[in-house]
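Visitor: I have this model open on my screen and would like a close look at one part of it. Could you take me through the aromatic rings and whatever surrounds them?

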Amino acid sequence: MIGVILSVVAGAAMSFQGVINSGLGKQIGTYEANAFVQGTAFILGIIAMLILGKGDIKSVLAVNKIYWLGGVLGLIITITVMLGIGKLSPTQSIAIILISQLLVAALIDAFGLLGQEKVPFVWTKYLGLALMIIGVIVFKINKNA
């Protein structure tokens, strides 16, 4: 149950963050807003590590180098969410983001990528994805009506 609660909080925070970052970007510039957001996250991340951390930061040198791309992906995510929300409504943008996340996560599961356990992509998952895509189309049609 804690996993569900944490996932709900993460989803809500991502939606708020996208809208907030997009608004900040309109005021100060997209890349300036990204630098501010990433800088704030870095400072808070250091503080959280110092207070709550129980690992060994030096071990980062020993991990598979592909895992170092998390920061690069954070930059890509922040900028593309800001730009996507700026071009679409928050609902449309986040819905498309969710579909993309679900599809890529399903591929990671299905192929056991990045060291994950293989989880089959069965017909019900295809159906769920199709329903989500139909939902985005309905939102888009409703906006233009």
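Guide: Happily! This is a predicted model, and the count of aromatic pairs in it comes to one. The partners are Phe121 and Tyr126: their ring centres lie 4.5 Å apart and their planes stand at 85 degrees, so the pair is edge-to-face, given that planes over 60 degrees apart earn that name. Tyr126 is exposed, because its relative accessible area is 53% and the cut-off for exposed is over 50%.

Phe121, for its part, leads us inward. Phe121 belongs to the largest nonpolar core, a set of six residues that also takes in Ala95, Ile99, Ala106, Leu129 and Val136. Two elements, α4 (90-111) and α5 (123-144), each give two or more residues to this core. The largest share, three residues, comes from α4. As a general point, nonpolar side chains in soluble globular proteins tend to be buried together.

If you would like one residue to click on here, try Leu129. Leaving aside residues up to four places away in sequence, Leu129 touches Phe121 as well as Ile99, Leu102 and Leu103.

Now follow α4 itself. The buried residues in α4 are Gln92, Ser93, Ile94, Ala95, Ile99 and Ala106. You can also check the length of this helix: with 22 residues at 1.5 Å a residue, α4 should span 32 Å, and its end C-alpha atoms are 31 Å apart, which agrees. Just after α4 comes Gly112, with a positive phi of about 60 degrees.

Over in α5, have a look at Ile134. Ile134 counts as partly exposed because its relative accessibility is 47%, which falls between the 20% and 50% cut-offs. From the C-alpha atom of Ile134 to that of Gly39 is 37 Å, and 95 residues separate the two along the chain.

Before you close the window, there is a helix pair to compare. Two packed helices are described by the angle between their axes and the distance between the axes. For α1 (residues 2-28) and α3 (residues 70-87), the axes come within 8 Å and cross at roughly 80 degrees. These two helices are therefore roughly perpendicular to each other, since angles of 65 to 115 degrees count that way. On the α1 side the meeting residues are Gly18, Val19, Asn21, Ser22 and Gly25, while α3 brings Thr78, Val81, Met82, Ile85 and Gly86.

Key. Residues are numbered from 1 along each chain as its sequence is written. This is a predicted model: local features need pLDDT of at least 70, side-chain atom pairs count only at pLDDT 80 or more; totals for chains, interfaces and linings use all residues. Side-chain values use heavy atoms; hydrogens and water are left out. A nonpolar core is a set of buried Ala, Val, Leu, Ile, Met, Phe, Trp, Tyr and Cys residues joined through side-chain atoms within 4.5 Å. Buried means under 20% relative accessible area, exposed over 50%, partly exposed in between (1.4 Å probe, protein chains only). Helices (H or I, at least four residues) and strands (E, at least two) are DSSP runs, numbered from the N terminus. Contact means heavy atoms within 4.5 Å. The expected span of a helix is 1.5 Å times one less than its number of residues. Rings of Phe, Tyr and Trp (its six-membered ring) pair if their centres lie within 6.5 Å; planes under 30 degrees apart count as stacked, over 60 as edge-to-face and the rest as tilted. Axes are lines fitted to C-alpha atoms, for helices over the stretch in contact, and angles run from 0 to 180 degrees between N-to-C directions. Angles under 35 degrees count as roughly parallel, over 145 as roughly antiparallel, 65 to 115 as roughly perpendicular and the rest as oblique.
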